[in-house]
Amino acid sequence: MRESLVAAAFQLFVERGYEQTTVDDIVALAGVGRRSFFRYFPSKEDVVFPDHEGCLTRMTAFLGESGPGHEPVERVCDAARLVLRMYAENPAFSVQRYRLTRKVPGLRTYELSVVWRYERALAEYLRGRFSGRPDGTLRADVIAAAVVAAHNNGLRSWLRADGRGDASAAVDHALAHVQRVFAPERNPVADGTGGAHAAWNGGEDDDDVVVVVSRRGAPLWRVVQEIETTLGRGPA
């Protein structure tokens, strides 16, 4: 029943347009009553995103099963891949939905609210892992936003190509950048001058340690930029 309603809705959206299609039109084509529609979907917008609620539940469960041995940035990147898997399971539908949301501002707004819920789930997990650290909440929120942005960059590249090619390759490439920037452990040590030394193991050579001096209160993005520059990964 649920799949029949989604199929009927998208058939009408393509033929008539989203705004011109009513719930009554959808249930008439699907051969069911209005009660059946609202049993599965609270609104017409929800029929466009029928799979996100279940995916968010799976992501939350995945993060909840994490242990102290899981590297937190790698873990949230893997959680984001659950969303990609949902899209990749049905490329034709995903591309159709992408085109529809580009045309209807209201659906774009709704989609952004869904994305925000994913980002909050990632941030809540990271806040727990970074609790007690200086700027732990800030770091969690920045990383969660970066993971979502990287995932969406790769996903949209694949959708713009009409779902052709390897969706995972584009997303993996984008998420790898997030991991290069945020995954290594940083251990701040007071330097007695009002600032801090950040000892950072870049992960490329166990004996290669880079020390960066940063002013106390410097924004996180500036510290990351300084580290990237020192490691030769960013602009001078």
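Q: The charged end of which residue sits over the ring of Tyr18?
A: The model is predicted, so local features need pLDDT of at least 70 and side-chain atom pairs pLDDT 80 or more, whereas totals for chains, interfaces and linings use all residues. Residues are numbered from 1 along each chain as its sequence is written, and side-chain values use heavy atoms, without hydrogens and water. A charge sits over a ring if NZ of Lys or CZ of Arg is within 6 Å of the ring centre and within 35 degrees of the ring normal. At 4.2 Å from the centre of the Tyr18 ring, the charged end in question belongs to Lys44.

Q: How far from the ring centre of Phe130 does Arg139 lie?
A: Arg139 is placed over the face of Phe130. Its distance from the ring centre is 5.5 Å.

Q: How many aromatic pairs does a search of the whole structure find?
A: Rings of Phe, Tyr and Trp (its six-membered ring) pair if their centres lie within 6.5 Å, with planes under 30 degrees apart stacked, over 60 edge-to-face and the rest tilted. Searching the whole structure gives a number of aromatic pairs equal to 7.

Q: What is the angle between the planes of Phe10 and Phe13?
A: Phe10 and Phe13 form an edge-to-face pair, 5.6 Å centre to centre. Both residues belong to helix H1 (residues 2-16), a DSSP run of H or I with at least four residues. They are 3 residues apart there, about one turn of the helix. The angle between their planes is 65°.

Q: Is Phe13 buried or exposed?
A: Buried means under 20% relative accessible area, exposed over 50%, and partly exposed in between (1.4 Å probe, protein chains only). Phe10, at 4% relative accessibility, counts as buried. Because the relative accessible area of Phe13 is 5%, Phe13 is also classed as buried.

Q: Which residue forms an aromatic pair with Phe37?
A: The pair is edge-to-face, at 5.2 Å centre to centre and 80° between the planes. Phe37 is buried because its relative accessibility is 0%, whereas its partner is partly exposed at 37%. That partner is Phe38.

Q: Which residues do ring pairs link into a cluster with Phe10 and Phe13?
A: The cluster contains Phe10 and Phe13, and it also includes Tyr18, the residue whose ring has the charged end of Lys44 over it. The residues linked with Phe10 and Phe13 are Tyr18 and Phe93.

Q: Which helix supplies the largest share of the lining of the largest cavity?
A: About 240 Å³ of space lies in the largest cavity. Of its 20 lining residues, Val83, Tyr87, Val115, His151 and Asn152 are the closest to its centre. Helix H5 (52-64), helix H6 (72-88), helix H7 (91-103), helix H8 (105-129) and helix H9 (136-160) each give at least two lining residues. The largest share, 7 residues, comes from H9.

Q: How many residues line the second largest pocket?
A: On a 1 Å grid over the protein atoms alone, a cavity is a set of points where a 1.4 Å probe fits but cannot get out, and a pocket is an open set with protein on both sides within 12 Å along at least five of seven lines; lining residues have an atom within 4 Å of a point. The second largest pocket holds about 210 Å³ of space. Asp46, Phe49, His52, Glu53 and Tyr110 lie nearest its centre, and the number of residues lining it is 15.

Q: How far apart do the end C-alpha atoms of residues 22-41 lie?
A: An unreviewed UniProt entry lists residues 22-41 as "DNA-binding region". In the model this span is 75% helix and 0% strand. Its end C-alpha atoms are separated by 13 Å.

Note on methods:
Grid points are joined across faces, edges and corners, and a volume is the space filled by probe spheres set on the points. UniProt positions are given in the numbering used here, feature names are shortened, and annotations may be inferred rather than shown by experiment.
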